[in-house]
Amino acid sequence: MEVSMDPLFLAWSYSRRRKLQQCSDICTKILQENPYDQAAWSLKTRALTEMVYIDEVEVDQEGIAEMMLDESSIAQVARPGTSLRLPGTSQGGGPTPAVRPMTQSGRPITGFVRPSTQSGRPGTMEQAIKTPRTASTARPVTSASGRFIRLGTASMLTNPEGPFINLSRLNLAKYSQKPNLSRTLFEYIFHHENDVKNALDLAAQATEHAQFKDWWWKVQLGKCYYRLGLYREAEKQFRSALNHQEVVDTYLYLAKLYQRLDQPITALNLFKQGLDHFPGEVTLLTGIARIHEEMNNIASATEYYKDVLKQDNTHVEAIACIGSNHFYTDQPEIALRFYRRLLQMGVYNCQLYNNLGLCCFYAQQYDMTLSSFERALALVANDEEQADVWYNIGHVAVGIGDLVLAYQCFKLALAFNNDHAEAYNNLAVLELRKGRIEQIGDLQSSYTAALKSEDAFPEHVDTQQLLRQLRQHFAAL
């Protein structure tokens, strides 16, 4: 006689092994036989939530609505070093924009792609509309809610007959008094259904039932207020939760809120306060390093990333950022060691081989340069990456004096990504060397372009010399 495993225990085992669809299917069968089985209901709710769960700690992208209709701005002209929205000059003796590329918003390009570094903070509506979501689409970031709506519709596929829980018929007051069910139900409503208002209602009633002493519910209230754009109310809830219980996640949520309010100094102080309670906590150290990096204080950021590696020597972001900093401070050999470490850890992608190729070239290890770029070309995932690799190969060709190869590489870069500004610029220099000048003597356009260049980078020596020559020419006229 065959002995079968208890279905609920089997579903729980699937959940522990992250086989969430099988877990949900077994719970559905149990609920068909007994619709009032609370354990199966709770487990299925948890499984459906885990399928679409997104970590709310990460700073998400700001859309046009958040940037241009922001009512929380305190000072129009912030003091230097106190705002993330104003591109400050390098405070920590880091490389200038002539050496290290800058994003559209004026921040240095980081060594690691994060949600908050994907789009800049445009100053005008026109610039905001022109700023693409990514290089592969011209549609601007309209709002962070677009991601949540997409997840909400995708989650419906898990249950073709319709939603698992009909929220409009749910008695939230009854569920708020059941601590075992209310938490899983809240996470289902918040993450799976993306119904923030009902989630907020449930959290408020559950907080009241807990006599305002449960820190977890206060954090959830803060998350709901944050999603609704009520940042000051969210701040009160997070602060209150910290008074009840010191938790790392609460510090991260609160710091994320202060960064959205453009108060990086307050966020830094909060992270340091968290480090007093949780010494050596990697996520808090990383948060401090990120803020320093966004404020163009590269030296301090590097120091904190080194502290991160002392606690966790496999932290990919810290290794990548330190390697990037060494590369841009003219130490490619040291950068090569950090990128090799990433390779040893199993990171295997186009960007890493691209960086390895550049480091090998500048460290004069020419035998490895082209083979690294060949690997990078074999691992490209989209046209934007392909364009970047060909641009870098063209850069190497310029360095070894093969201008014909460089010309072809820059043309290939533009074939894959016709918005690649650097490739256009280098092609123009090559055309100039060949003597193909289409417009001779257009000094006014040159002067206008040079003024824009000076606004973007006041310390650029070549721009200053060009402006001096143009002004002397205009004075002679």
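**Figure 1. Thr250 in helix α12.** In this predicted model, Thr250 sits in helix α12, which covers residues 248-260. How accessible is Thr250? Its relative accessibility is just 1%, so Thr250 counts as buried. Skipping residues up to four places away in sequence, Thr250 touches Trp215, Val219, Phe238, Ala241 and Leu242.

**Figure 2. The largest nonpolar core, with Ile189 picked out.** This core takes in 96 residues. Which of them have the most contacts inside it? Those are Trp41, Ile165, Leu185, Phe186, Ile189 and Leu257. Zoom in on Ile189 and, once its neighbours within four places in sequence are left aside, you find it in contact with Leu167, Leu172, Asn194, Asp195, Asn198, Ala199 and Leu202. Another core, of 11 residues, lies apart from the 96-residue one; Ala387, Ala423, Leu427 and Leu430 are among its members. As background, nonpolar side chains in soluble globular proteins tend to be buried together.

**Figure 3. Cys359 and Cys360, two cysteines without a bond.** How many disulfides does the structure hold? The count is 0. Cys359 is in no disulfide, and the nearest cysteine sulfur, that of Cys360, is 7.0 Å away. Turn to Cys360 and the closest cysteine sulfur is the one in Cys359; at 7.0 Å that is too far for a bond, given that a disulfide here needs the two sulfur atoms within 2.5 Å. Buried or exposed? Cys359 is buried, with a relative accessible area of 1%, and Cys360 is buried as well, at 4%.

**Figure 4. A nonpolar patch on the surface.** Which residues make up this patch? Met5, Phe9 and Trp12 do, and together they have about 330 Å² of accessible area. Met5 belongs to the segment before α1, the helix that spans 7-16. With a relative accessible area of 47%, Met5 counts as partly exposed; that label applies because the value falls short of the over-50% cut-off for exposed.

**Figure 5. Stepping back to the whole chain.** For context around the close-ups, the secondary structure comes to 24 helices and 0 strands. The chain has 477 residues, and 44% of them count as buried. It exposes about 26100 Å², with carbon and sulfur atoms supplying 52% of that area. What about contacts between residues at least 6 apart in sequence? Of these, 56% join residues at least 24 apart.

Technical notes
Residues numbered from 1 in each chain as written. Predicted model: local features only at pLDDT ≥ 70, side-chain atom pairs only at ≥ 80, totals over all residues. Heavy atoms only, no water. Patch = residues over 30% accessible without salt bridge, like charges linked within 9 Å, V, L, I, M, F, W, Y side chains within 5 Å. Areas by Shrake-Rupley, 256 points an atom, 1.4 Å probe, with all protein chains shown as cover. Salt bridge = Lys/Arg side-chain N within 4 Å of Asp/Glu carboxyl O. Helix = DSSP H or I, 4+ residues; strand = E, 2+ residues; numbered from the N terminus. Buried < 20%, exposed > 50% of the residue type's maximum accessible area, 1.4 Å probe, protein only. Contact = heavy atoms within 4.5 Å. Core = buried A, V, L, I, M, F, W, Y, C linked by side-chain atoms within 4.5 Å.
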